[in-house]
Amino acid sequence: MLKRAGRSPLLQKLVGNALAGYLLAVRKTSSFRLDPPDLYERLEVDLPAIVAMWHGQHFVMPFARPPSYDVRVMISRSADGEINAIAASKLGLGLIRASGAHHAHQVSKRGGLRGFIEAMRCLKEGASVAMTADVPKVSRVAGLGIVQLARHSGRPIVPMAVATSRHIDLSTWDRATINLPFGRMVVASGEAIHVAPDADDAALEEARKAVEASMNETTERAYALAKSAKSAKSG
């Protein structure tokens, strides 16, 4: 019965709108810091970009986007995905609906091929694409999908994380974090990672490892800064 209720469009809309409202309250009651401080100036030369994030750390990612940026986020077609899509849209993001895949033969079945083509189209139009770097059910292990997108589109991958000083960590496969209001929020970014159009399997694996390492470092740095009293600059 709960599963059926979760598939109700009306309930999904109500929960999605409530989620967006809650996240806005988190942002409005939190101080704000960029790391590095000139993050957006540095990012300009790499736009449009492929913004990488970890599963479970995505809830406040919309607030990393300046209002002038066209960013479209890839979200699965699951019931949870529908709720996330409604919230993301309310928070100013465009949508790409697809699912990730751990194995190549799953791409068409899970909607990954359609999402890949749509992401390529968005990047060609000049919009940045935000997507989780890790594969479903395998936390903090980057998949090849995001690297292949960078290879075929010619656009760089920008590792990014948003952390809040006050949060609750859940015991889920993706180590999801529930961000809380009245704290400090930090948006951190790693260096852009470029993938050559003629990259072979070895080069793709090297790029995948680079994305994974940078994502872990960026996430750890964001949390360390959020917990530091020195990050209490308002913005």
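Here are a few friendly points on the sheet in this predicted model and on two helices that go with it.

1. Start with the sheet. It is an open one, built from 7 strands with mixed pairing, and reading across it gives the order 1-9-6-2-5-3-4. At the edges you will find strand 1 (31-35) and strand 4 (94-97), each of which pairs on one side only. On average, neighbouring strands of this sheet are turned by 25° against each other, with direction ignored.

2. Now look at one edge of the sheet. Strand 1 pairs with strand 9 (residues 184-189) in the parallel sense, over 5 bridges. To find this pairing on your screen, pick Ser 31: its bridge partner in strand 9 is Arg 184.

3. Next comes helix 7 (residues 145-153), which packs on the sheet. Helix 7 touches strand 2 (50-53), strand 5 (128-132) and strand 6 (157-164), and its direction makes about 170° with that of strand 2.

4. Helix 8 (residues 201-227) lies across strand 1, strand 2, strand 6 and strand 9. Relative to strand 6, helix 8 runs at about 25°.

5. How do the axes of helix 7 and helix 8 cross? They come within 9 Å of each other and cross at roughly 120°, and the crossing is right-handed.

6. Finally, zoom in on the side of each helix that takes part. Helix 7 brings Val 147, Gln 148 and Arg 151, which meet Leu 204, Ala 207, Arg 208 and Val 211 of helix 8. Sorted by character, the residues of this contact are 4 nonpolar, 1 polar and 2 charged.

Methods
Residues numbered from 1 in each chain as written. Predicted model: local features only at pLDDT ≥ 70, side-chain atom pairs only at ≥ 80, totals over all residues. Heavy atoms only, no water. Pairing = 2+ DSSP bridges. Helix = DSSP H or I, 4+ residues; strand = E, 2+ residues; numbered from the N terminus. Axes fitted to C-alpha atoms, helices over the stretch in contact; angles between N-to-C directions. Contact = heavy atoms within 4.5 Å. Left-handed = near helix turned anticlockwise from the far one by under 90°. Nonpolar A, V, L, I, M, F, W, Y, C, P; charged D, E, K, R; others polar.
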